[in-house]
Structures are given as structure tokens and as C-alpha cells.
Amino acid sequence: MCGVIGYTGKQPAADVLLDGLTRLEYRGYDSAGVATVFNGDLHLKKGVGKLEEVERDCCISRLPGTTGIGHVRWATHGGVTVTNAHPHLDCLKFIAIAHNGIIYNYQQLRRKLSAKHEMVSETDTEVVAHLIEEYMLPGVPLEQAVARAVKEIQGTYALVVASTVEPQTIVATRKGSPLVVGIGKGENFVSSDFQAFLPHTRKVLFLDDEEMAVITPGKVNIHSAYGKKVFRGSVTLDIELAVREKNGFDFFMLKEIFDQPQAIISATKQEKEALQKAANLVNSSRSVVFTACGSSRYASLIGRYMFSKIAHRFSDVIISSEFGYFGDAVDEQTLVIALSQSGETADVIQGIKEAQSRGAKVLSIVNTIGSTLARMSDCTLYLNCGAEFAVAATKSFLSELVVLYLLSFSVAGRLEEAETELVKISALLDENLRLNNDAVPKAANMLSKYDKFYYIARGINFAVAGEASLKLKEVAYVHSEGMSAGELKHGTLALVENGTPVIAIAPCDGTRDDILSNVSEVKARGAYIIGVSDKPDKLFDMYIEIPRVNEYFYPLVSIVPLQLFAFHSAIARSLDPDRPRNLAKSVTVT
Ligand code: F6R
């Protein structure tokens, strides 16, 4: 993953870069660093930990100069150490690079360079600094040395390079990882995400794969992989800066859980034309395949169910990282629906490329305007839920469900029914959140001594069990499994012993009787039952109440108290639910 940024202009580079990195931290937060060019030298500060810790320990903001590059890291190659943190330098310390992606042939390159170059880190990235050094002969411009170096790289990269040889130039190039250039007045920017420089400019140029931008304070030149000049007009983004405000909550995750009644309303406000175009794409396709990862995949599973129930369309869900192995039947008659909060998840983008190479059409459902996925798609529906800062998806998951409900009902020509129901649910959820704000923390505290949980459900609620379990794993570091209740007796039941917590999602829909019968089976083996329902039952040892809604809409109301449960389980274990270990918000490596 990782986030990169570069700046050249008239402002102190360290301030611009540091501020930009705060908005890239969702891409990685295990270490960070900045290198600036000043008075013929590179000045470098980097450290381990979250950005605020690195700044506290290393004082990045004191770096001199008006040109520089920065990086936030999510380790792929090499442990989380200061040496492995970016930027990385060449032997002579006149080239600095920051990288997002993976260099697959780095070991081979390392072997080739090791006779002449001393590598200090364990990263795949450092070889690129030494490779550029190899080509940086007297009189060779930096851009040419970088161009020659990247020709030898196999893998994915968004690279930003600074050098004392051209003290006011940033060279940036990409393949498979996003990069966007920001055009200012007498200053220019480049980053993995335009949010990093949005306070300075909204005028941007998106780079395509294998393109290179040569950026000075007064000019941006773009070349193709073959050195040909690329003429591309800039676009002015009509996008608000994502404001990192917790609105009185201690954590973003809790704020975002409480944002959800409003998120339902915002997601319901779809542009009618786009929704109609999306429905037409579904109706004119022979087959529909959803693809996504993590929480977005659980949303897709609910979409599949809704497509069957409401739109009477059979569809399938393929995990994006499996798409290449499994998408053989995809052709020009296929519609691939890709769901992604970030629109930058590398697995999803790779899956989509594969589908497009087979002629499929792509409808994407994304939150981030201007994201790679949105730009690649034939049609995009937006979540409209605002920036989500906590690593765990909450309001984006719910918003994805809302868009899927709208789409399924649109395909069936019944859009208004869904809109009416969603408005009602928003109000019910608001009330329910206040009710559960007391009850759920108590439940999480009471159950905080347990280290394994099972979530069971049936039908449309099955994916809610998976999503709720994922939330508990990622923020509370508790092993859990979300499963179809009917599958219990086929193996997992062997794990249930006296006191094992089993969370049963048992609303008053068509699944209720069957799920209660599975609850009896686990209870008979000593399980402690937490019932999530709109109707109590004597089988429940603990009851988490949800509102009564139309039977297809229960996922919207049953996931919310379970998000709260995961959040409070993290708090009960003294963990930071906003930035769980080993994870990042946007997964930009495959
Ligand atoms: C879980 C979570 C992840 C993401 C997954 C896909 O809470 O946030 O599982 O859902 O990495 O991310 P997007 O939706 O950005 O493609």
C-alpha cells in the first residue's frame, strides 16, 4: 500500500508534505518520512510509527527547502524499521525516492547491483534508487535516468523522485498504482491521492500507467513509456476537502457508525440518469458478476440476494483477487459490478482489467470521486457518504447496500418502493442507535473475556454474519467466524462448548424459524446465545434489539449494533479501533 507525495514550489516543502501525508495516512501508518533538497544536499527524516509520532520524534517540519518528497508506509518487504522506512537514497545520497507498489524482480536487481552498490534496507524499493544512480551519468537528465531504471523493473509502482542534480524537479511515474499531479501557481504537486494537495489546488492531471511527469515549479511535462510527449488537459475537481472531524466522538469509527442514518439518506439521493443507465446495463447483459473485497464483498453478497429476489436476475460474486483464476466465462455479454469504497483497491482494479480485456462492461459502485475504478468504468454510482477515516468500513458498507437496493428495485421498475422504505429505515436506525448506545457497550464488556465468537444467520442475513465477524476480527483482534446457520451441523458445531458465544441474527423474516432451530442445537451444546432481533425469544441469553422493517431490508438494521459491538469490544480490550494493527484503509497491492 503506502502513500507518496512530491512538491516543488515556493512554500517550505516540509509543511506542504507533512500536511499532505496526514491525508494519505489511510494508506499506511507503520512508518513515515520526508526528504527535501536544499543547498545542494538531500535532507532526510524518517521514523517508525504513526505520522504524529514520527513528527514528534524526528521533527520533519524542520526540514529546509522548497522541493521534496514524502511517504507513509504499510510494510510489504522488510520489517517496520527506520531503515526500511521511505524515502530511500542511493549510495552517493543525491537521489531520493518514495514508492507505492511492489517490485517483483527486486532480488534479481539487488544481486546485479550489489557489487557496486551498498543496500542498507531490506525493501524492494531501495534497489530503484541505486538503479537510477547507475544511469545518472554526467549530463543525463534525471527523467532519463528514471525512465531507463523503470524499464528494468517488473511489478507495480507509483514512484516520486527528487535529486540534488536537479534541485527543483520531481520526477513521478506509475504502473498499477495511482498518481495524480496537482497544478498550482508557481508550484506543483504529485501524490497517490489528490486529497493530499487539495488545500492548494483543484486543478489536476491524472497519470496513466507507464507515463512519467517531470514537475518543476512552473511546468509539468508528461511523457509516455516511449518518451513521446503526452498532451493532456487538466481537469478541475469539484470536490470538497475531506474534513477530518470527529464531531465530539472520541473515535472516527464511532462517529461513522452514528453517521449512518444520514448516510442512508445521502446514498438514496442518486442521480436518476445514472441509476437508469446502470439498470439498463443490467437489463441488457446476459450475465451479472459482482466483484469486490472485504466488506464490499459482503455487500455484494447481499446485492446478489436482492438481484435474485427483486430483479429476478441470477448473479454471482467473485472475490476480486480470485477473478483472474475464475472469470473464464466473462465475455462481452457480461456486466461486472465492482464495489469499492476507495475505488483504489488493487485486487478490484486488476479484476476489472481482466474483465475488460474479455469485453465485459463495468458498473462501479464507489465512494471516492475521481478514483481509478470510477475512471475505468462504463457507469458509476456513488455512495455519497463522505470520507470514511476509520480503517473499518461502516457507513460505506451501509451506503453500498443502499445503492444495491436502489439498483435492484430500479431493474424491476420499482424504484419508489425502495426510496420510501429507505427513508423510513433511516429514522428507525437513528432511534435504534440511541437505544443500543447503552446496551451494546455493556454486552461488549461482559463478553470481553472470550476469544472466539460465532455469528450465524440465514438467507439475506448470512452476509451480515460475515461482515459482523470481519469487524470484530479487525478492530478487536478476536477470532470469529460468520457462517450460514445451516452449515453448523456439518462441522463447526464440534467447536461449540460450554459458554461459547454465538451471535444469532434472527429477525422476523422468512429465516426466523429455521435459525431458531439452529440456535436450539448450539444451545443444547452449552453455547451462550446473543440474539439480534426485533422479537425476543426464550432461547436468547442476551438480546440486542433491532427495529422491525420490510423483510428484505433487515441487513441495514442488523449490521449496525454489531458494528457497535465490535467497536466496544476493541475499547474493552484497550485497542485503537480507528487504526488496527497490520491494516490500512486502502489496499493498493495485490
Ligand atoms: C473492512 C474493510 C476492508 C475493505 C476492503 C475493500 O472493514 O474495510 O475489508 O472493505 O479492503 O476496500 P474497498 O471497499 O475500498 O475496495
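Colleague: What makes the pair formed by K471 and the ligand a polar contact?

Modeller: A polar side-chain atom of K471 lies 2.9 Å from an oxygen atom of the ligand. A polar contact is a pair of N or O atoms within 3.5 Å, so the pair qualifies. T345 has a side-chain N or O atom 2.5 Å from a ligand oxygen, and for Q341 a backbone N or O atom is 2.7 Å from one. Of the ligand's own 400 Å² of accessible area (Shrake-Rupley method, 1.4 Å probe), the protein covers 90%.

Colleague: On what basis are these values given, and what is left out?

Modeller: The model is predicted; local features need pLDDT of at least 70 and side-chain atom pairs 80 or more, while totals for chains, interfaces and linings use all residues. Side-chain values use heavy atoms, without hydrogens and water, and residues are numbered from 1 along each chain.

Colleague: Why is the ligand said to lie between two domains?

Modeller: Domain 2 (247-413) and domain 3 (436-577) both contribute residues to the shell around the ligand, so the ligand lies between them; the bounds come from an automatic or database assignment.

Colleague: Which helices supply at least two residues each to that shell?

Modeller: They are α9 (294-309) and α15 (462-476), helices being DSSP runs (H or I, at least four residues).

Colleague: What makes the peptide bond between H86 and P87 noteworthy?

Modeller: This bond is cis, with omega about -5°. Most peptide bonds are trans. P87 lies in the loop between β4 (67-73) and β5 (88-89), strands being DSSP runs (E, at least two residues).

Methods. Polar contact = N/O pair within 3.5 Å; in protein donor to acceptor, adjacent residues only side chain to side chain.
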